[in-house]
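Visitor: I would like a close look at a single part of this model, the surface that surrounds the RNA, and I would be glad if you then set the neighbouring sheets and helices beside it.

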Amino acid sequence: MEVFELLKDSIKKAVKKVYKIDVKEVVLEHPENEDFGDFATSVALSLAKQVGANPLEIAEGLAGELTSMGMEFKSDGSAYPIFEKIEAVKPGFVNFTLSTEWLKQELIHVYEKKEEYGSSDIGGGKNVLIEYSQPNTNKPQHVGHARNNFIGATLINLMEFLGYKVIRANYVGDIGIHIAKSMLMYQKYGEGKNPDIKPDHFVGDFYIRYFQELEDHPEYEEEAAELLRKWESKDQETRELWQKMNDWVYEGWKQTYEDQGVEFDIWTYESDDIEGGKEMVDEAVKKGVAERDESGAVIAKLEKYGLPDKVLLRSDGTSVYATKDLFLAKDNFDKYNFEKRLYVVDFRQGDYFKQVFKVLELMGYEWAKKLYHVSYGTVTLPEGAMSSRKGNFVNADDVFESIIKVEKGEIKNSLKEVSDIEETSRKVALAAFKYGMLKVDPKQDIVFEYDKVTKFEGNTGPYLMYSYARTQSILEKGGFVESKFTFNLEMIEGASLEKVEKDILRSLYKFPEIVFEAGEKFMSHVLANYLYDLSQRFNAFYGQIPILSAEDSGVKTFRVGLTNCVGDVLKTGLRLLGIEVVEKM
RNA sequence: GCGCCUGUAGCUCAGCGGAUAGAGCAGCACCCUUCUAAGGUGAAGGCCGGGGGUUCAAUUCCCUCCAGGCGCGCCA
């Protein structure tokens, strides 16, 4: 990071010195092809016209100037060059190659900071509220929720790692016609029984039942509506049933969340009678953001902002989802003074959030710009779209159980000496599950395929865990566990670097940037794919070069240290993705 | 009709203003008397949906068309 800034600064200075031009922003990137170096700038290309010279000549001039600046870093009183090569090439790039000294020094940083490497205080302890999961109490959570939960949990970890204080929020859809449907079926067919299976599944089965029965009993539709009206008029019997069934669902979810390693600080329920929401709507009307039409409904007029109008209050005066969201956002801001508030919700709500955010902005709430919709694509099955109503409902629990079963078989097949198969296969399965969701761009829809997610090869969670386990195996064999060895620059100063070793170093130092990017852009897959790349580099090194049997002691120390640091970064990175490593597998 | 997202190797996906477009899976050829072969090495595989445009430079930005998914005032 610091190198990044230093380099940008130096480039600006060089341009100024040679051409007397102030460049506002210099483009500095990591070249895709590492043969070109670790950093590259194209300033010469963009300056060519202005300067009226050949870009390559400009690049050469800048490279010369930058070289003569002698950028260096200090360690133990001695100064070392940061770059071993600064050169101008072909079209007009200036490429920078980091020195082995700098790379080794950074490795020492990783070693010293261990699992804190990559963390920062950029968040300054400011509050970030992350709302995610948002399930409905008529059924267990399906795989789509799993994706939501995993994304949310990862963002929480990332934001905390970046120095924010995170408030984890759930917003439960605990009332509505869908819930009335499960209730109706329980009334008719439940025989007053208590759950004999996981309680949220027990409730969900009644929901499925509704659609099965509907064909022969079209009258159920009206009966469900009636049940909802009774709930709204606070009919005691209805309320009791509702409470009982919802409690079952919460009990079931507790297990699901525990399995998934997902937690919350605050819970909000849709059934909460939020007077504040209606006050917000009144306020919106007063401020001219919304209008009450002939029917009495309140509509936010958003068409001139390129958005569809939005109903904020029904004509019968009852609230809609948006009514409560307006209040919730304000209430949360008043309570937590958040720096950001994230809504982790399916991409289909994209327009909805634009509307809500716009209304708040038009109402004059400056914090409206701190609201972010973290959007993600749907999760479907290969056979087609999932539908809980058709009964081919794929819930997260069953998927997880199936994955555990597959992984257990895999582990038994090629087991070394794993003491606890149950525990290990569970962790590996969760890694497979989470990683499968987190490695793809959130915008992409996912076709959830068992056989691919459970794979132990390629870009999968288990592959990463395996890579980690390999690092630990080496350390253990060499007697380097528990970090009982010291490691400093002096010890490895003389070690020359093989390409595969350098490849790892050139990846390790990018970890902080990656974490920052993943956190700021809300994109877990950036981190996931980085870890995969790092694992591949490590495995190439592992396969080609002896570590413990290295002849030279400085070289051996370096390789062990490298192994140790790869392990630390993998462990940290996986932890941020909500994946717990195992030492052996 | 208006709007959003997607279209990259046979398949699943990265890359989203730069230099020869990258992985994995599948298939092919190799590497276990050596630190976990759940691994590694090599070769093969691409009009980056089509067509325009902007730019020194476009898979990347703009326009348009095609294909698929999704959303559009009283659902959540």
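Guide: What follows begins with the RNA surface and then turns to the sheets and to one pair of helices. Please keep in mind throughout that this is a predicted model.

RNA strand B is surrounded by 72 residues, and the closest of these are Arg314, Asp441, Gly458, Ala469 and Ser473. Sorted by class, the surface near RNA strand B holds 33 nonpolar residues, together with 22 polar and 17 charged ones. Several elements supply at least two residues each to this surface, among them α2 (43-51), β6 (93-98), α12 (350-362) and α13 (396-413); β16 (446-447), α16 (461-477) and α20 (524-544) also belong to that group. The largest share comes from α16, which gives 8 residues to the surface near RNA strand B.

The strand β6, named above as a contributor to the RNA surface, also belongs to an open sheet of 4 strands, whose order is β1-β2-β6-β5 and whose pairing is antiparallel. The edges of that sheet are β1 (28-29) and β5 (83-89), each of which pairs on one side only. On one side β6 meets strand β2 (residues 39-41), and the two pair in the antiparallel sense over 3 bridges, with threonine 41 standing opposite valine 94 of β6. The pairing of β6 with β5 is likewise antiparallel and is made through 6 bridges, and here isoleucine 86 has phenylalanine 96 in β6 as its bridge partner. These two strands, β5 and β6, form a hairpin with 3 residues between them, and glycine 92, which lies in the turn, has a positive phi of about 150°.

For the wider setting, chain A is divided into domain 1 (2-98) and domain 2 (404-576), and the centres of the two domains, taken over C-alpha atoms, are separated by 33 Å.

A further open sheet has 3 strands in the order β10-β11-β12, again with antiparallel pairing. Because β10 (290-292) and β12 (310-313) stand at the edges with a single partner strand each, one side of each is left without a neighbour in the sheet. From one strand to the next the twist averages 35°. Between β10 and strand β11 (residues 298-300) the antiparallel pairing runs over 3 bridges, and alanine 290 has alanine 300 in β11 as its bridge partner. Helix α10 (residues 275-286) lies across β10, β11 and β12, and runs at about 100° to β10.

Last comes the pair of helices, α18 (residues 499-508) and α21 (residues 553-576), whose axes come within 11 Å and cross at roughly 35°, the crossing being left-handed. On the side of α18 the contact is made by Glu501, Ile504 and Leu508, while α21 brings Leu562, Cys565, Val566 and Val569 to it. By class, the residues of this contact between α18 and α21 are 6 nonpolar and 1 charged, with no polar residue among them.

Notes: Residues numbered from 1 in each chain as written. Chains lettered and ligands numbered in written order. Predicted model: local features only at pLDDT ≥ 70, side-chain atom pairs only at ≥ 80, totals over all residues. Near = placed C-beta within 6 Å. Nonpolar A, V, L, I, M, F, W, Y, C, P; charged D, E, K, R; others polar. Domains from an automatic or database assignment. Pairing = 2+ DSSP bridges. Axes fitted to C-alpha atoms, helices over the stretch in contact; angles between N-to-C directions. Left-handed = near helix turned anticlockwise from the far one by under 90°. Contact = placed C-beta atoms within 7 Å.
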